[in-house]
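Colleague: I have a model open on my screen and would like to learn how to read it. Could you walk me through some of its features?

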Amino acid sequence: MTHDFAIVGAGIAGASLAAELAESGASVLILEGEDKPGYHATGRSAAFWEECYGGPEIVPLTLASGAYLREKGFLHQRGALYIAREGDEELVTDFMQRFVPTGATIQHLGRGDLQKRLPGVRHEWSDAIWEPVCADIDVAGLHAHYLARARSAGALLECRARVCGMNRASGSWTIATETGASHRAKTVVNAAGAWADELAVMAGANPVGIKPYRRTVAQVRIDPPVSNDLPLVLDLRGRFYFKPESGRLWLSPHDEEPSVACDAAPEELAVAEAIARLEEVVDWKVAAVEHKWAGLRSFAPDRRPVYGHDPQVEGFAWFAGQGGFGIQTSPAAARLGRQLLLDEPRDAMTQGLDTGLYAPERFG
């Protein structure tokens, strides 16, 4: 059988796009190299929907996705605080100037309001930017939702199907996997995350410079326990973030260490840095590190995702480079991806998106 689309990767990118394409009537095959979908970046997310995350050019995708995520019950309101030290007034002003025009819901707070929202904050933290609509995401539920949608529409998922070769002839691809299996598809969609450039080279396309970076998260026990009602707290300088989770604290040093594409593992130094930075912010006591993990966030050189047909290689398309924002933007991104691949008109969800920002041809 020759499928209309073979999507390589079954994380949130591949699963969401598969759902959209299959529901259009296209025949879709998803090829996943691991034993189960969502093993890498999707399964290791810090799980929040935050309007400003990723920068002003990502905000339109995030805002366009919000209504779907809320209506389907995948968001739980939390709120977010970007916090700043004394002397960082210019950073606060710059942040407001960059994000207010995007439509993000943010407001500047002084120290008094900061103390109310973050008990125990140390004196040198004097300013904050409050984002009330920030929410936790049920990542596992959302990923399962997309896989179920794709399956109900007829898409097929093959796990343990790591692609090792591709050849195009007579308008379709023959795709070989490491198990010795062979599949055929008219179009291959690159949703391979950290492996996106490797897959592009395999297809004879030019890599666009998507590079993976390791991000570390630790689950720590605080004594006394922190309230589950605390907001997500992010450093305006980008040195940490933390949020409560089931009586514990999820904490990251906001690291971005260049990495090869791999099964990422946390490093002790990154965990120690995260704890040291937390202790600079609040007077809480870290009683124990209970769990730690790392994932790879993959970025194109301009830190924008790459969506659409490859400009040189016929039948090869991109849906990659989604950094740490791929989950929170998945509804709008997948809908836009479907429209680009099928040459469909924009709809209410995507009509405000500038597709040129995300087009593969921007890399020349």
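Modeller: Happily! Let's begin with how residues are sorted: Ala, Val, Leu, Ile, Met, Phe, Trp, Tyr, Cys and Pro count as nonpolar, Asp, Glu, Lys and Arg as charged, and the others, Gly among them, as polar. Please keep in mind that this is a predicted model.

Colleague: Thanks. How do I look for empty space, and how many cavities of 30 Å³ or more are there in the whole structure?

Modeller: The general idea is that rolling a probe the size of a water molecule over the atoms shows where empty space is left. Here, a search of the whole structure turns up one cavity of 30 Å³ or more. The volume of the largest cavity is about 30 Å³.

Colleague: Which residues line the largest cavity?

Modeller: Its lining is made of Arg85, Asp88, Trp125, Asp235, Arg237 and Arg239. Sorted by class, that lining has five charged residues, one nonpolar and no polar ones. Trp is in the nonpolar class, whereas Asp and Arg are in the charged class.

Colleague: And the pockets? How much space lies in the second largest pocket?

Modeller: The second largest pocket holds about 550 Å³ of space. Its lining takes in 23 residues, and Cys52, Gly54, Gly55, Tyr82 and His254 lie nearest the centre. Helix H3 (89–99), strand E14 (232–235) and strand E18 (285–299) are the elements that give two or more residues to this lining. The largest share, five residues, comes from H3.

Colleague: What is the mix of classes in the lining of the second largest pocket?

Modeller: There are 11 nonpolar, seven charged and five polar residues in that lining.

Colleague: One of those central residues catches my eye. What is the backbone like at His254?

Modeller: His254 has a positive phi of about 60 degrees, although it is not a glycine. You will find His254 in the loop between E16 and E17. Arg160 is another non-glycine residue with a positive phi, of about 50 degrees. Arg160 sits in the loop between strand E9 (156–158) and strand E10 (163–169).

Colleague: Let's turn to strands. How should I read their pairing?

Modeller: Strands of a sheet pair through backbone hydrogen bonds, either parallel or antiparallel. Take strand E13 (residues 211–223), which pairs with E18 in the antiparallel sense over 13 bridges. Within that pairing, Ala218 has Lys292 in E18 as its bridge partner.

Colleague: How does E13 pair with strand E16 (residues 248–252)?

Modeller: Those two are antiparallel too, with three bridges. Gln219 is the bridge partner of Trp250 in E16. E13 also pairs with strand E17 (residues 257–258), again antiparallel, over two bridges. There, Tyr213 has Pro258 in E17 as its bridge partner.

Colleague: What happens in the chain between E13 and E14?

Modeller: The loop between them contains Pro224. The peptide bond from Asp223 to Pro224 is cis, with omega near -5 degrees.

Colleague: Which strands form the open sheet that contains E8, and in what order?

Modeller: Three strands form it, in the order E3-E8-E4, with antiparallel pairing. Strand E3 (48–49) and strand E4 (75–77) are the edge strands, each pairing on one side only. Two bridges join E3 to strand E8 (residues 135–137), and Trp49 stands opposite Ala135 in E8.

Colleague: How many residues lie between E19 and E20 in their hairpin?

Modeller: Six residues lie between them, and Gly315 in the turn has a positive phi of about 80 degrees. Strand E19 (residues 306–309) and strand E20 (residues 316–320) run antiparallel and are joined by four bridges. Gly308 has Trp318 in E20 as its bridge partner.

Colleague: Last topic: helices. How do I describe the packing of a pair?

Modeller: Two packed helices are described by the angle between their axes and the distance between the axes. For helix H2 (residues 59–71) and helix H8 (residues 330–342), the angle is about 105 degrees and the axes are 6 Å apart. H2 is therefore roughly perpendicular to H8, a label that covers angles of 65 to 115 degrees.

Colleague: Which residues meet where H2 and H8 touch?

Modeller: From H2 come Leu61, Ala64, Ser65, Tyr68 and Leu69, which meet Ser330, Pro331, Ala332 and Ala333 in H8. This contact has seven nonpolar residues, two polar and no charged ones.

Conventions
Residues numbered from 1 in each chain as written. Predicted model: local features only at pLDDT ≥ 70, side-chain atom pairs only at ≥ 80, totals over all residues. Heavy atoms only, no water. Axes fitted to C-alpha atoms, helices over the stretch in contact; angles between N-to-C directions. Parallel < 35°, antiparallel > 145°, perpendicular 65-115°, else oblique. Contact = heavy atoms within 4.5 Å. 1 Å grid on protein atoms, 1.4 Å probe; cavity = no way out; pocket = protein on both sides within 12 Å on 5 of 7 lines; lining within 4 Å. Points joined across faces, edges and corners; volume = space filled by probe spheres on them. Pairing = 2+ DSSP bridges.
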